[in-house]
Amino acid sequence: MTLEEILRKIARDLGSNRLQNEEHTKLVAILPILRALGWDDTHPGEFVPEHPVGNGRVDYALFNPKNELPLVFIEAKRPGNAGEQGEDQLFAYAANQGVPFLILTDGDSWNFFYLSMAAGRPSDRKFCQLSVQRCDERNKDHRSAH
């Protein structure tokens, strides 16, 4: 499956309202996208689920296997719950970890943050937000116009 096909499937699954919890978000949305982007979830030096940080565990930590430093933390939420509380949780996990990129997602809304150690609110460091369903809707409109 191509990344575009995976995103369309995720949009359909999200639209069905059958995704009920965080685990669904992980299995149906996050893992297929990460695999399509080339991350190997079977490589323990590259991909660590439930990575321990401080007094909790971030859902996924993506590492550079050459130097064993985390590159990305990903925090999953159940559909409709990728808001400010999730941002605060993700940034608390990233505190003092030196992780340059953070992602908070509920499967539909993908929120990208940089410089987890910079001062200010997490929302001040959000550099991109994508919606799988909105992108799919725009593509449907574009495809039907041709």
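**Notebook: aromatic pairs and overall fold**

I began with the aromatic rings and found that the structure holds 5 aromatic pairs. I note at the outset that this is a predicted model.

Entry 1, Phe112 and Phe127. I looked up the geometry of this pair: the ring centres are 6.2 Å apart and the planes stand at 45°. I recorded the pair as tilted, because an angle that is neither under 30 degrees nor over 60 falls in that class. I then placed the two residues along the chain. Phe112 belongs to strand β5 (residues 109-114) and Phe127 to strand β6 (residues 126-131). With their positions 15 residues apart, the pair links distant parts of the chain.

Entry 2, Tyr114 and Phe127. I found that Phe127 also forms an aromatic pair with Tyr114. Here I read 5.8 Å centre to centre and 50° between the planes, and this pair too is tilted. Tyr114 lies in strand β5 and Phe127 in strand β6, 13 residues apart, and I noted that this pair links distant parts of the chain as well.

Entry 3, exposure. Are Tyr114 and Phe127 buried or exposed? I found neither extreme: Phe127 has a relative accessible area of 46% and is partly exposed. Tyr114, at 31% relative accessibility, also counts as partly exposed. Both values lie between the limits of 20% for buried and 50% for exposed, so the intermediate class applies.

Entry 4, the cluster. Which residues join these rings in one aromatic cluster? I listed Phe101, Phe112, Tyr114 and Phe127.

Entry 5, secondary structure. I counted 4 helices and 6 strands in the protein. Reading from the N terminus, I wrote down the order α-α-β-β-β-α-β-β-β-α.

Entry 6, dimensions. I looked up the radius of gyration and found 16 Å; a compact globule of 146 residues would have one near 15 Å, so the two agree. The C-alpha trace spans about 50 × 35 × 30 Å along its principal axes.

Entry 7, burial and contacts. I noted that 41% of the 146 residues count as buried. Among contacts with a separation of 6 or more, 43% come from residues 24 or more positions apart.

Entry 8, surface and charge. The protein exposes about 8,300 Å², and I recorded that carbon and sulfur atoms supply 51% of this area. I then looked up the charges: there are 17 positive and 21 negative ones, and their mean positions are 3 Å apart.

Technical notes. Residues numbered from 1 in each chain as written. Predicted model: local features only at pLDDT ≥ 70, side-chain atom pairs only at ≥ 80, totals over all residues. Heavy atoms only, no water. Helix = DSSP H or I, 4+ residues; strand = E, 2+ residues; numbered from the N terminus. Rg over C-alpha atoms; globule rule 2.2 N^0.38 Å. Buried < 20%, exposed > 50% of the residue type's maximum accessible area, 1.4 Å probe, protein only. Contact = heavy atoms within 4.5 Å. Areas by Shrake-Rupley, 256 points an atom, 1.4 Å probe, with all protein chains shown as cover. Lys, Arg positive; Asp, Glu negative; His and termini not counted. Charge placed at Lys NZ, Arg CZ, Asp CG, Glu CD. Phe/Tyr/Trp six-rings, centres within 6.5 Å; stacked < 30°, edge-to-face > 60°.
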